[in-house]
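Me: Mind walking me through this one? I'd like the cut-offs spelled out as we go.

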Amino acid sequence: MDIKGWLKKFIPWWFLSLYHFILAFFGALIYGFPSRKLKVIGVTGTNGKTTTTEMIAKIFEEAGYKIALMNSIRFKIGQKEEINALRMTMPGRFFIQRFLRKAVNSSCKYAILEVTSEGVKQHRHRFIHFEVAVFTNLSPEHIEAHGSFEKYREAKGKFFKAVKKIQVVNIEDENADYFLKFPAKKKVTFGLKKGDFNLKNTEIKLKIPGEFNLYNALAAFSVAFTLGIDPKIAKKALENFSGVPGRMEEVISSPFKVIVDYAFTPNALEKVYQTLSTIYSLPSTRLICVLGACGGGRDKWKRPILGKLAAKYCNEVIVTNEDPYDEDPWQIIEQVALGAGEKARKILDRREAIRQALKLAKEGDVVVITGKGCEPSICLAGGKKIPWNEKKVIQEEFQKI
């Protein structure tokens with residue numbers, strides 16, 4: 001057991017919580033509580049956080065504002081940006097406060113952050129003066145880390161409880177009422193059919209596919225409108241939005257298509273498969289799927305469910321390595337393959353799995369590779385990381401066939 005595991009096992013939870021709270025305070029204190037000089041927008045939920053933050057950033061930049069953006073893909077302040085290689089969607093308290101201080105020093109007016117349940121659990125949202133809290137959707141995830149779905153939802157709720165100014169909620173999510181119960185000066189709702197902003201009163205035509213992206217766009221539009229951005233500017237920015245790396249990204253277009261997506265939860269994976277099934281002429285067009293699952297004891301319950309979804313929607317299923325951390329990768333593969341049944345092909349090496357998927361593809365087919373997106377590494381035991389570029393690997397293997 002590593003030192004973190006030892007600490008979590010033997011130190012009382014209240015002490016660890018206090019430790020994280022104190023760190024959050026000193027992080028803000030050292031950097032002069034920078035969020036007081038910014039309008040900070042926090043986006044939380046199970047899926048869609050990254051795309052929604054990117055859409056919000058696009059709108060505000062279209063409106064002429066200098067913004068700061070922190071999400072699972074990148075850190076951006078004005079025109080300067082760098083890849084998020086930390087493998088943490090919401091980094092530590094000192095990192096966030098230093099980032100916000102840089103944003104203030106660079107004359108940014110808005111900062112847009114992804115807010116995670118684990119981050120909230122460790123008080124990383126504390127002493128950040130959020131102007132807006134956005135809720136995208138909620139489905140079971142991080143159950144082992146939180147203990148139950150209710151506690152996972154409660155962590156998200158603590159963020160909303162802390163934001164007293166503006167709250168933006170997906171009214172069509174079954175957990176909407178839970179998030180709407182927290183007091184705020186202004187509450188705004190969105191949805192495809194219901195809400196203050198919906199497709200009946202907000203016409204948006206996106207370049208990127210998927211009903212889930214319409215929800216993301218409506219969330220971003222709601223934030224922009226509420227903060228005084230001209231609706232025409234917001235609409236233009238969203239309709240010019242070309243997508244996010246590693247999210248429903250088309251890597252190969254011909255003679256067959258290869259799509260990369262980050263989806264690693266059952267809800268997100270099914271939406272990806274459903275979207276592709278709607279766009280392309282299935283079953284005449286075959287869907288060839290490559291997937292895996294995380295290790296480190298993370299949400300083991302969902303592994304056979306991911307396999308079952310792949311078997312339901314895909315003609316060919318290849319189960320491979322993803323981020324095993326300290327678990328036996330073969331054991332993870334077996335658990336995913338169990339759900340896929342007889343359709344499952346098990347290949348440990350992810351590059352080899354991609355190679356075999358490309359070899360199986362015929363003209364007009366669609367290959368979809370999920371779980372990594374644009375992540376820059378594969379996480380192994382003992383904190384070891386090996387460099388990984390899914391898009392580059394696909395292109396290299398495509399050139400060989």
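Reply: Sure, cavity first: on a 1 Å grid over the protein atoms alone, it is a set of points where a 1.4 Å probe fits but cannot get out, while a pocket is an open set with protein on both sides within 12 Å along at least five of seven lines; lining residues have an atom within 4 Å of a point. This is a predicted model, where local features need pLDDT of at least 70 and side-chain atom pairs count only at pLDDT 80 or more, though totals for chains, interfaces and linings use all residues. Residues are numbered from 1 along each chain as its sequence is written, and side-chain values use heavy atoms, with hydrogens and water left out.

Me: What volume does the largest cavity have?

Reply: The structure holds one cavity of 30 Å³ or more. Its lining includes Phe-264, Leu-291, Cys-294, Lys-302 and Glu-322. Grid points are joined across faces, edges and corners, and a volume is the space filled by probe spheres set on the points. For the largest cavity that gives about 70 Å³.

Me: Which helices each supply at least two residues of the lining of the second largest pocket?

Reply: That pocket has a volume of about 450 Å³. Of its 25 lining residues, the closest to the centre are Ile-73, Val-244, Pro-245, Gly-246 and Cys-374. Helices (H or I, at least four residues) and strands (E, at least two) are DSSP runs, numbered from the N terminus. The helices you're after are α3 (49–62) and α15 (390–400).

Me: How many residues apart in sequence are the parts that Lys-236 and Glu-62 tie together?

Reply: A salt bridge here is a side-chain nitrogen of Lys or Arg within 4 Å of a carboxyl oxygen of Asp or Glu, and the count comes to 27. Lys-236 and Glu-62 make one of them, at 3.5 Å, N to O. Lys-236 lies in helix α10 (residues 231–239) and Glu-62 in helix α3, so the parts tied together are apart in sequence by 174 residues.

Me: Where does the Pro with the cis peptide bond from Ser-254 lie?

Reply: The peptide bond from Ser-254 to Pro-255 is cis, with omega near 5°. Pro-255 lies in the loop between β9 (249–252) and β10 (257–261).

Me: And which loop holds Phe-33?

Reply: Phe-33 isn't a glycine, yet its phi is positive, near 45°. Its loop is the one between α2 (13–30) and β1 (39–44).
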